[in-house]
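These are my notebook entries on a single model. I set out to look up the surroundings of one residue and then the pairing of aromatic rings.

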Amino acid sequence: MTDIKVNGPSSGDGHHTPASNSPADAADPDVAEDEELDEAAQEEAQEKLRREREAKAQALTLEIVGDLPYAEVKPPENVLFVCKLNPVTEDEDLDLIFSRFGKIVSCEVIRDKRTGDSLQYAFVEFEDQKACEQAYFKMQGVLIDDHRIHVDFSQSVCSP
């Protein structure tokens, strides 16, 4: 009968796991996990940097074609975009409804230039950002003139 020599630890069920002689296995497993985390963090940072560069390039392109006043422009933080409006909803209706959150600088339902019909979206500009944020959180999905509206922060910027 031949004796089999086993170098690995026992799993408790009579089976032995062979030992490995590779340096990676001999290293502390916590160190290997940290290296994997570092690699993942580095890849994430590179991806973020790539996205930022791409966004800057797109903004520069929009500036060149005249869609942005300048590449570093940011949308205002006190303006809400309101959509899915009922065609009968007027500026005054939205002004009255949104004014409970704070002073409104302007409120405009956007209309077709030729017909004057509502395009069923609007912009509501508040005097301060805090009122705008409150309206954003409270007005999402509210029923106005039998239409459930959608509210978001405006992504539009004025062109020159």
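Entry 1. I worked from a predicted model. I located Thr89 in the loop that runs between strand 1 (79–83) and helix 3 (91–98). I then looked up its accessibility: the relative accessible area of Thr89 is 0%, so I recorded Thr89 as buried.

Entry 2. I asked which side chain makes a polar contact with that of Thr89. I found Asp145, with the two side chains joined at 2.7 Å. I also listed the contacts of Thr89, leaving aside neighbours within four places in sequence, and noted Leu94, Val109, Arg111, Ile144 and Asp145.

Entry 3. I turned to the aromatic rings and obtained a count of 6 aromatic pairs. For Phe98 and Phe126, I read a centre distance of 6.5 Å and an angle of 65° between the planes; the pair is therefore edge-to-face, as the angle is over 60 degrees. I noted that this pair links distant parts of the chain, with Phe98 in helix 3 and Phe126 in strand 3 (residues 118–126), 28 residues apart. I recorded both Phe98 and Phe126 as buried.

Entry 4. I next examined Tyr121 and Phe123, whose ring centres are 6.0 Å apart and whose planes stand at 85°, so I entered this pair as edge-to-face. Are these two residues buried or partly exposed? Tyr121 has 27% relative accessibility and counts as partly exposed; Phe123, at 21%, also counts as partly exposed. I closed the entry by noting that Tyr121 and Phe123 form one aromatic cluster with Phe81.

How values were computed
Residues are numbered from 1 along each chain as its sequence is written. This is a predicted model: local features need pLDDT of at least 70, side-chain atom pairs count only at pLDDT 80 or more; totals for chains, interfaces and linings use all residues. Side-chain values use heavy atoms; hydrogens and water are left out. Helices (H or I, at least four residues) and strands (E, at least two) are DSSP runs, numbered from the N terminus. Buried means under 20% relative accessible area, exposed over 50%, partly exposed in between (1.4 Å probe, protein chains only). A polar contact is a pair of N or O atoms within 3.5 Å; within protein, one must be able to donate a hydrogen and the other to accept it, and residues adjacent in sequence count only if both atoms are side-chain atoms. Contact means heavy atoms within 4.5 Å. Rings of Phe, Tyr and Trp (its six-membered ring) pair if their centres lie within 6.5 Å; planes under 30 degrees apart count as stacked, over 60 as edge-to-face and the rest as tilted.
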